Every structure is written in C-alpha cells, then in structure tokens.
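The following questions and answers introduce a predicted model. Each answer sets a computed value against the term that describes it.

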Amino acid sequence: LRIGRCKVNMRSDVSPSTISEFLDRVLLDVQRPARYVGGEYNSQVKNWTPEKMKVALAFPDIYDLGMSNLGLAILYELVNQRDDMLAERVYLPWMDMEELLRREGLPLYSLETRHPLNAFDVLGITLPYEQLYTNVLHLLELGGIPLKSIDRLQGAYPIVVAGGHAVYNPEPMADFIDVFLVGEGEEALVEIVAKVQTWKQRCENGSDSEPGPEERLSLLRELSRLEGVYVPQFYSVDYHPDGRVREVRATDDCASLPVLKRIVKKLPPPITKFIVPSVDVVHNRAAIEIMRGCTRGCRFCHAGMVTRPVRERSVEEITEAVGEMIASTGFEELALLSLSSSDFRNISPLVDAISEKYGHLNLNISLPSL
C-alpha cells in the first residue's frame, strides 16, 4: 500500500482530452504502454451523454491480471447491453505510470473514454480475494475519491459498490464501501444502477444543487432493500477482544438482518465477444463457465459453499457459444471453467463435441479446476 507516499491533490477540472494529451507525452516512458490506452478489439465505447448512467468497473490490480477476470467481463457486457447505461474499465497502474499521474495531479481514468474515476455515477469494484483490500484504498485515492464512505455523503461522488467472494466477510472493508453486493451480480448490479438512475433523476428534478447527505442516505436506504445488498451505514457491529464479530445489529428499518446472498436461478447466456487485450495477460484465452456451484461440500472450501446450488449449462449451449467466441476473438485456447470441471455431468461428451466441431482449428482446451 503506497497511500501517502507522494500524495498529490488531484485536479478537479480534468477532461478526457487532458488525459489524452498527457498520454501522448508519457507513453514512451512507461513499461507496457498498451495497458493504459484502451482501444482493444471488442471493447465498447458508448457516447457519454447526460441521460446515460456511467458505471466504472474496476479490478484493483494491474491490467495484466484484471483482464483475465471473467466476472468483470460478464458485468461489462450486461451493463453495455442497456441503452440507458454504459460500462467502462479501470485498472491500477504500475508504479512508473502512477508516478507520472501524481506528478501531473491527474486522477485514475477509464480506458474506454478516459473520463476520471470520480466522474462516474457508480464505481463497481471486483473483490475476488482479500489481498486486494489495500489495493481498493489505493484505487480510491488515485481516483480522487474520499476513502471513507461517510466522507462521500457530501459531494457528487460515485456510489462505491463491491462484490466478489471476498465480500462474504465485509467488515474489514465496511468503512470504505458504500454498498456490498453479497452473492451473484448479474441481475443485482443492473438493479443497483437502475435505482441510482431513478434517484439521480429525482434529485435533478427537485433541485439545481448537488445532492446533500440526506439525499444520499435516502438512496442508500433504497439500495439496502434489494436482496443481497449490505449497506454498512445501517448496521452496528460489536467485536470480541480477539477481533471476531460478537454481534451485528440493524440500526435502520430499511436494513434486513440477516442479509441473504443473491442467487441467479438460471445462468444467463455466456458472453462470447471477449475483449482481446493488446498485450499478453495472465490468462490470454476465451473462457466459458460450464457449471456454477459444487456438490462435494468440502468444509475448507469457501467457494464450494457459497455458490450453491449447482447449475449446469447444456452441451449444446456451450458448444454453440464456443463457435461464437472463436469467430469474434480469434483466441486459440478455450478454458472450460467451474469449481470442479470434472464433476460436470457431461464433461466427456462436451470435450468430444468441441473436439469434433472445432478440432480442425487446433483449438487448445483447458480444464483449470479438476
């Protein structure tokens, strides 16, 4: 965590053209400049118009790691399918680029249109594992967004939403996140953005000034009523001396207790138009989730417990999606993803079907979880 190492106040008058001019000057001075320019094949650049809700989807690590995250790719596709919303990607810079941003007083920006992070309506942060906690604080600071949720009640800051496996225990990050989405996000994220959209329109119709703390709290109350949503602002948590949670109490009528995880009853159609990175990344391949959940019930395995029930895709759906993926990306490797791919009931017919239909393309099939 490098917060405060060379802290510089971020300029508030930053436009996409300012950031583009900055990139023209510095790209030859940083490692892997393609991390910072966007423009990849299949990336979606939508018009930044007032009526659209602007969603920044952030993976709090460098481009090389974040581009391989399937969850972020799914949410990017789902939000951009809506005419009244747009989603853009944000990753943390490597140290050389960070130094240049700080030197110029420029905030972290999105790859698609190069808008500053603090110009978005919603900031959705993917938290797949706990080691990214401190990176989230780094992301907020570089984006010119106050670290603590309570400090964002006054001002036109994005609603900060965090989801992923690491938020099933949200308390370590409770002071810094406005809204936790516990469970599966395909339906819930769009619902959250739609709630923010309605609230924003109501505020704009009612006043010319930016919303104050009471208006923002009213939005958080509306969001807390959604299934799977935990808003720390409306709960009180007591701890044992060793740090374990002793008791959680709701402090507002809007807050449900317990907060139940969000479940997608039927897996949505798999995405097939993956963004093709301009540089090599950790997992440079097409990926399809063939099954969600696990039947084994290993007590040490967090993912196997929280992703229940098991939901499988059909061999036909997967095979058809593979063809679309190959045609729209050109990837030569396909990953059949799940918590335990060998437990997929039709794994042998699936591999046979893919090999028979696409074997002439020299497609490599990987089963990452066995």
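**Helix α1 and the sheet**

Q: What makes residues of helix α1 (residues 16-26) count as buried, and which are they?
A: Buried means under 20% relative accessible area. In helix α1, Thr18, Ile19, Phe22, Leu23 and Val26 are buried, so each of them falls under that cut-off.

Q: Why are the buried residues of α1 said to line one face of the helix?
A: Viewed down the axis of α1, they fall within an arc of 135°, and therefore they line one face. The face turned away from this buried side carries the exposed residues Glu21 and Asp24.

Q: Against which helix do the buried residues of α1 pack?
A: They pack against α4 (95-104); contact here means heavy atoms within 4.5 Å.

Q: What is the order of the six strands in the open sheet?
A: The order is β2-β1-β3-β4-β5-β6, and the pairing is mixed.

Q: Why are β2 (85-91) and β6 (229-230) called edge strands?
A: Each of these two strands pairs on one side only.

Q: How do you know that β1 (residues 53-59) and β2 pair?
A: Two strands pair if at least two bridges are found between them. Seven bridges join β1 to β2, so the condition is met. The two strands run parallel, and Ala58 stands opposite Val90 in β2.

Q: Which strands does helix α3 (residues 70-80) touch where it packs on the sheet?
A: Helix α3 touches β1, β2 and β3 (122-126), and its direction makes about 155° with that of β2.

Key: Residues are numbered from 1 along each chain as its sequence is written. This is a predicted model: local features need pLDDT of at least 70, side-chain atom pairs count only at pLDDT 80 or more; totals for chains, interfaces and linings use all residues. Side-chain values use heavy atoms; hydrogens and water are left out. Buried means under 20% relative accessible area, exposed over 50%, partly exposed in between (1.4 Å probe, protein chains only). Helices (H or I, at least four residues) and strands (E, at least two) are DSSP runs, numbered from the N terminus. The arc is that of the directions from the helix axis to the C-beta atoms. Axes are lines fitted to C-alpha atoms, for helices over the stretch in contact, and angles run from 0 to 180 degrees between N-to-C directions.
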